[in-house]
Amino acid sequence: MAGKPILHYFDGRARMESIRWLLAAAGVEFEEKFMKTREDLEKLRKDGSLMFQQVPMVEIDGMKLVQTRAILNYIAAKYNLYGKDIKERALIDMYSEGMTDLNEMVLLYPYLPSRDKDGRLTQIKEKSRNRYFPAFEKVLKSHGQDYLVGNRLSKADVHLTELLYHTEELDSTILANFPLLKALRTRVSNLPTVKKFLQPGSQRKPFEDEKFVEELKKSFG
């Protein structure tokens, strides 16, 4: 029996959090090895574990996978969260990629200089309300099903639920006009595996506040 996946990253969200969410939704237990200093990162680089000298890196099934989307796609395919055929997979990829622009803005927001945060927050709210959330609300309305693709859970639903939680942390009213997105978030959140992940004490990481960001910069600066 293969061991648990091992996630190599620092003890924060950023580019590893979507991987944690997807593994948790699939009901997969995982271990984490946190880098605490630049020396920890250099050690991984020197021992050849990082193909492009970057993290995240996940040890799974005898491989050391890097590049976030490649890792997510492998997990989705392995745990049946990637549709039943090539057409469904294309839609799942399209929806997942469609979230990338907004997700990048949200995950990088805590690391911005204070002077840039107000402008970025305005941009996040505008793009959420006027571009991305209406698009996914329309998908759910068009077929009247519980999930985005094929009426069953896929990585697209998990990614979108994570994004909804993270944008709501920045603006608690952001979903006010999107009842189907709110219903999807509730539906996914009530799945036993996700419900467990959302409980206090899980491997889900908190929002990165200014203190966290400063300490991280000191450790890796």
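The second largest pocket of this predicted model has a volume of about 480 Å³. If you would like to find it on screen, start from Tyr9, Phe10, Ala14, Val55 and Leu216, which lie nearest its centre among the 19 residues of the lining. Three elements each give two or more residues to this lining: helix H2 (38-46), H4 and helix H9 (210-220). Of these, H9 provides the largest share, with 4 residues. As for chemical character, the lining of the second largest pocket holds 13 nonpolar residues, together with 2 polar and 4 charged ones.

Now let's turn to the largest pocket, whose volume is about 610 Å³. Here 32 residues make up the lining, and the ones to pick out at the centre are Ser18, Thr68, Asn103, Glu104 and Leu107, which lie nearest to it. Four helices supply at least two lining residues each, namely helix H1 (17-25), helix H3 (68-78), helix H4 (86-108) and helix H6 (155-170). The largest share of this lining comes from H4, which contributes 9 residues. The mix of residue types in the largest pocket comes to 11 nonpolar, 10 polar and 11 charged.

One helix is worth following from one site to the other. H4 is among the elements that give two or more residues to the lining of the second largest pocket, and H4 also brings the largest share to the lining of the largest pocket.

Key:
Residues are numbered from 1 along each chain as its sequence is written. This is a predicted model: local features need pLDDT of at least 70, side-chain atom pairs count only at pLDDT 80 or more; totals for chains, interfaces and linings use all residues. Side-chain values use heavy atoms; hydrogens and water are left out. On a 1 Å grid over the protein atoms alone, a cavity is a set of points where a 1.4 Å probe fits but cannot get out, and a pocket is an open set with protein on both sides within 12 Å along at least five of seven lines; lining residues have an atom within 4 Å of a point. Grid points are joined across faces, edges and corners, and a volume is the space filled by probe spheres set on the points. Ala, Val, Leu, Ile, Met, Phe, Trp, Tyr, Cys and Pro count as nonpolar, Asp, Glu, Lys and Arg as charged, and the others, Gly among them, as polar.
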